[in-house]
Structure formats: structure tokens, C-alpha cells
Amino acid sequence: VELGLHYIIPKARYSDKGSTLSSALPPPVGGQPLSGGDGGGAAFVPNLYYVLSFSDDLKAGIGLTAPFGLTTDYTRGWVGRYHAVESRLKTLNINPSIAYRFHPKLSLGMGVSIQRAEATLSNAVDFGTIFAPSLGTTSQGADGFAEVTGEDWGYGFNLGLIYAPIVTTRLGLSYRSGISHRLDGDAEFDYPDPAVGAAAAAPGVQLVDGGAEADVDLPATLALSAIHEIGAQWVLLADVTWTQWSQLEELRIHFDTGAADNVTTLNWEDTWRYSVGAIFKPLERWHLRAGVAFDPSPVPSSNRRTPRIPDDDRIWTAVGSGFRINRLIDLNLSYAHLFIKDAELDKDGTEAENRLRGALVGDYDASVDIVSLNLQIQF
């Protein structure tokens, strides 16, 4: 049995470089400056694995993990409030699997993924601009609020093999399928006053409470890894992982009330992540570990970056230590710091999807710290 708990602490400090409400709108609405603040939120992420040995060659197990997650949370008055306020994605992946060693050098495994996804997305709504002609409101003078929640169960599979060409070297290849979710839930709107609420319920507008849904395609991954032992004290490790982020073309929220779809274009690209590491065993019961990885961002340009996920290329650095308490229990502690390239944001206010959100121009000073505790028990 293996139990893990990870505390993820992201930092995302936004610096504005001249965001405005869309200049494509006619004066006095167009070109209005925006003002506001920063986002980022910490989270605990657990995992659990159980492996049962039927024989020396046949093993079965189950894993409970949270493979994809997202938390950003800005104040309601920040500069990009019409693009995003809160963004939260939680996944729980239940993964029963089985593996068999066909040959002393070759093992094969397979499993199924049963995955639950829950999402919350919110943003301010500039009712002041929307109803300026009919109600005489002013740009940014009648802000409302919209929140969409949804959940779904999805299914996938994973395959893997381990090949040991020599006693001191093992190669691993694994594939995990993508999983498609249709998040079904609700949309809720808050209005600054009853007049705006009545106008929002008018035919052809329908920005009112009701059902909502969004399709989210989480990516497939393919990983090749290697482990090589040097004597009794050193182990070298390497890994390269391909992730099919190109599955995420857009985030489209459909409203059952008949309101126009809310669309954020992504057009993300596939990525290759590279990592190397080492394990040093100064004592039989004590291990030291360290590693580094280059993890490029799938975001193709500053115009396709969204404040919901202000991501850019990152370099992982990690250190850890493991101690065998007795023949049955191992305890591991690790720390990772992610150096993230300053993420530039340049949302074009003239694009149709951004006309009421505004032009968002700025950059993020971002980083992530992760502290992990792991307990392994054999019985």
C-alpha cells in the first residue's frame, strides 16, 4: 500500500500593461481602461495505490489519483474579471490494473480508468456595456457575475511494459488514453439591480439561471523511461513524456436557456517533457534523490493564453529523501520548485469572443512549490 499527500502552492502575480474594454465598441464604451489585481490558490492533492501479488509473475492493483487539476482565484474587481475570476477543476481517477511477467526480461500490464471530473468557472459580466443602449448604463458601471458548475464520469485505458535488457537496466513504455468529459451542471447569474435582471431575461438575451454543459477532452500521454543501477549506491533515471494537448481546441459552454455559447479559443499544441534524476544510497535504509525536468507549455501564443491557466514553459527541480523505518514501512519526503517563464498575456479585444471581455494585456510572474509526503507499507 502506498499513501501520498502533496501540497501544491502556486504563485501567479499579474502585472497589467494597458488592458482596456474593447476598442471595437463605439465610444463612449470602447477604449475604457480596466483596473484590478492577482490570482493563484494552494491545494492538497492525495494519491493511493494498492498492489496484490498472486505469484512472482502475476500482480494486480488499483490506483486512486488526481491526474488533472486547476485552481486560480482572483478578486472580483481585478483587471481581467470579465475573462475569469474563479477557475477550478478536480479529477479523481480510479485505475484497476493487472500485470504479468512473461519472461525474466519482459513484463506487460494494462488497466482501465474510471474518472470523475468536477469544474467551477466564474467571471464578471459587464451588463453596463450590454445594456448601455436600452438602460442608459455605463461601461463597467453595472457589473454582474456568472458562475458555471458541472460534473461528469469518463472512461479510458492504459497500457505498459517493462523490458530489462540486463540486470542493472530497465526500460519502461506506457500509454494512457485521453478521456472525454461532458460536464453537465448549472449556470447562475447575479445582477447589480432588478432592472438589469429584467433586461437579462428578455428574449434573445436569456442570461438567466439554467442548465449548462461543456465538453472537455483531457489528453493522452505516452512515456518512455529508463533506470540504470551503478554499483550498490547509485541509480540513474531518465524520462521523456508526450502529451496530446492538441485535443484542447476550445472551451465552449452551452446554455440550455438559449443564451449564446461562451467560447474561449485555446488551440493548444502537443508537448514533450524531458527529465533526468539520480538516487544515492549512503546507507542501506536511507536514500537521497534529486531530479530536473524541462516541461514546455502547450499554449502556442500570448493571444491563446487565458488567465484561467496562465501557463508557460517551466523547469522542475526536485529533491527528496527516503527512509526505511523497518522491513515493512518506508517513509519519503520531497520538495519541488517549478521555475516558470514569465507568461505574457495579450487577449485581443477585437476578437468576437472578447468584445465584452476586453483587451487583456500584461504578464505573470509565476512559480510553483510542491511538498510531498509518501508512506509505503508492505504486508
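A nonpolar core is a set of buried Ala, Val, Leu, Ile, Met, Phe, Trp, Tyr and Cys residues joined through side-chain atoms within 4.5 Å. Keep that in mind for the first exercise, and remember that this is a predicted model.

**Exercise 1.** Find out which residues touch the most other members of the largest nonpolar core.

*Solution.* Start with the core itself, which holds 32 residues. Within this set, Phe 127, Phe 189, Ile 253 and Phe 255 have the most fellow members in contact. Next, see where the core gets its residues: E6, E7, E9, helix H3, E10 and E13 each supply at least two. Now zoom in on Ile 253: beyond four places in sequence, its contacts include Leu 121, Val 148 and Ala 212. Finally, don't miss a second, separate core of nine residues, with Tyr 14 and Leu 360 among them.

**Exercise 2.** Trace how strand E10 is joined to E9 and to E13.

*Solution.* Take E9 first: it runs antiparallel to E10, and nine bridges link the two. One pair to look for is His 181 with Val 216 in E10. Then turn to E13, also antiparallel to E10 but joined to it by three bridges. Here, Phe 255 of E13 sits opposite Ala 212.

**Exercise 3.** Decide whether Ser 113 is buried or exposed.

*Solution.* First locate Ser 113 in strand E6. Its relative accessible area is 2%, and buried means under 20%, so Ser 113 is buried. Then check its surroundings: the residues Ser 113 touches include Ile 94, Tyr 155, Phe 157 and Arg 176. Lastly, look at Asn 93, whose side chain makes a polar contact of 3.4 Å with that of Ser 113.

Note on methods: Residues numbered from 1 in each chain as written. Predicted model: local features only at pLDDT ≥ 70, side-chain atom pairs only at ≥ 80, totals over all residues. Heavy atoms only, no water. Pairing = 2+ DSSP bridges. Helix = DSSP H or I, 4+ residues; strand = E, 2+ residues; numbered from the N terminus. Buried < 20%, exposed > 50% of the residue type's maximum accessible area, 1.4 Å probe, protein only. Contact = heavy atoms within 4.5 Å. Polar contact = N/O pair within 3.5 Å; in protein donor to acceptor, adjacent residues only side chain to side chain.
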